[in-house]
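Here is a friendly walk through a protein model for someone meeting it for the first time. Have a look at the picture, then read on.

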Amino acid sequence: MRAARVARRWRPCVADRYQLAEGARWFDGGLFFVDLLRGDLYSCRESSGGRPEQVLGLGMPLGAVAPAAVGRRRGWIVAAGVGIALTDGCGAPEWLARPGGRADRAMRMNDGACDPAGRFWAGSMEVHAARDAGSLYRTDPDGTVHEVLDRLTVPNGPAFTADGRLMYLADSARGTITRYATDPVTGALGPPEPFAEFTLAEGRPDGMTVDDHGNLWVALWGGGRVLCLGPDGRRLRTVRLPTPHVSSIAFGGGRMYVTTALHRLERPGLLDGAVLTSATAVTAPPALAFGAMRPAHAPAEP
């Protein structure tokens, strides 16, 4: 009965199912999300269960996007393949850096988001989640890319408070969320502060967002739930999902959206891999844009 009640609360936002839907973001009055393994970006303006609009098809793993100006056109900054690039979807990506292009390891970019100052933060990981192989990169509005943290395994998030003074970063493989004081002017990070830790039975912290009250919402991969944590780390609320692999959360238009995955499920159910939605009173700021200035010299295609 409990499982049936959980299932009734949720319905698919779009008709399709995905191996690894990720990166749910609400902006411009709609939901955007990625099919990470295929390298596609989708949007939906309604929650009627129809077909989403494909916005980008990069043909390489796509961890996260944020809106950005590309020349005079509206475009995106993307954490894709082994690097970070600008694209308007009409031509080849304009690579700002390819920090994951290593000869000794097979790497890919993972989750990412912009802070209130318009900087884009994105993590990298080894494709088989080798311990300590990942990093976190900050892309400044002038297009320069900086490695700010290393020895990560599966970085997810980050998520920022509205004033840009705190950043939350999950390492899914370790089951931890770490908080960093962040200089809103320079983007410099303070010392790491342990914020939350999860057992394997609870699930692994994946995508995150901060709501309008400063609470952190985290998707628990393998745990079939989304957890709300207060600024002091207290567990305030648990929202259960009818599928185990929940990967990211977004709020907008009076609804909560949760991406899920078919990835590594031997016997998937009808809702596994769906983008799920449910009515909610929780509100959160829309996703922030990258404040990019076009770099004078972008790295050439290999």
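What follows goes from the overall build to the cores, the strands and the salt bridges.

## The overall build

Keep in mind that this is a predicted model. The protein's secondary structure is made up of 24 strands and 1 helix. Its radius of gyration is 18 Å, close to the 19 Å that the globule rule gives for 302 residues, so the protein is as compact as a globular protein of that length. If you follow the C-alpha trace along its principal axes, you get a span of about 60 × 40 × 35 Å.

How much of the protein is tucked away? Of its 302 residues, 55% count as buried. On the outside, the protein exposes about 13,000 Å², and carbon and sulfur atoms supply 51% of that. As for who touches whom, take the contacts with a separation of 6 or more: 46% of them are between residues 24 or more positions apart.

## Two nonpolar cores

The largest nonpolar core has 17 residues, and Trp217, Val226, Leu241, Ile249, Met256 and Val258 have the most contacts inside it. At least two residues each come from strand 19 (216-221), strand 20 (225-229), strand 22 (246-252) and strand 23 (255-260). Strand 22 gives the largest share, with 3 residues.

Val258 is a good residue to zoom in on. Leaving aside residues up to four places away in sequence, Val258 touches Trp10, Val226, Leu241, Val246, Ser248, Ile249, Ala274, Val275 and Leu276. Apart from this core lies another one, with 16 residues, including Phe32, Leu36, Leu58 and Trp76.

## A sheet and a hairpin

Now for some strands. One open sheet has 4 strands in the order 1-24-23-22, and the pairing is antiparallel. At its edges sit strand 1 (11-12) and strand 22, each pairing on one side only. Strand 1 and strand 24 (residues 275-279) are joined by 2 bridges and run antiparallel. In that pairing, Arg11 stands opposite Thr277 of strand 24.

Elsewhere, strand 6 (residues 62-70) has 8 of its 9 residues buried, so it is largely enclosed by the rest of the structure. Its antiparallel partner is strand 7 (residues 73-80), with 8 bridges between the two. Val70 has Arg73 as its bridge partner in strand 7. The hairpin of strand 6 and strand 7 has 2 residues between the strands, and there Gly71 takes a positive phi near 65°.

## Salt bridges

How many salt bridges does a search of the whole structure find? The count is 14. One of them pairs Arg51 with Asp16, with the closest N and O atoms 1.8 Å apart. These two come from distant parts of the chain, 35 residues apart: Arg51 is in the loop between strand 4 (40-44) and strand 5 (53-57), and Asp16 is in the loop between strand 1 and strand 2 (21-27). Arg51 is exposed, at 67% relative accessible area.

Asp28 forms a salt bridge with Arg45, where the closest N and O atoms are 3.4 Å apart. Asp28 lies in the loop between strand 2 and strand 3 (30-35) and Arg45 in the loop between strand 4 and strand 5, so the pair ties together parts that are 17 residues apart in sequence. Asp28 also meets Arg74 in a salt bridge, at 2.9 Å from N to O. Since Arg74 is in strand 7, this pair ties together parts that are 46 residues apart in sequence. Finally, Asp132, Arg151, Asp171 and Arg174 are joined into one network by salt bridges that share partners.

Terms used. Residues are numbered from 1 along each chain as its sequence is written. This is a predicted model: local features need pLDDT of at least 70, side-chain atom pairs count only at pLDDT 80 or more; totals for chains, interfaces and linings use all residues. Side-chain values use heavy atoms; hydrogens and water are left out. A nonpolar core is a set of buried Ala, Val, Leu, Ile, Met, Phe, Trp, Tyr and Cys residues joined through side-chain atoms within 4.5 Å. Buried means under 20% relative accessible area, exposed over 50%, partly exposed in between (1.4 Å probe, protein chains only). Contact means heavy atoms within 4.5 Å. Two strands pair if DSSP finds at least two bridges between them. The radius of gyration is taken over C-alpha atoms; the globule rule is 2.2 Å times the number of residues to the power 0.38. Accessible areas come from the Shrake-Rupley method with a 1.4 Å probe; for residues, only the protein chains shown count as cover. A salt bridge is a side-chain nitrogen of Lys or Arg within 4 Å of a carboxyl oxygen of Asp or Glu.
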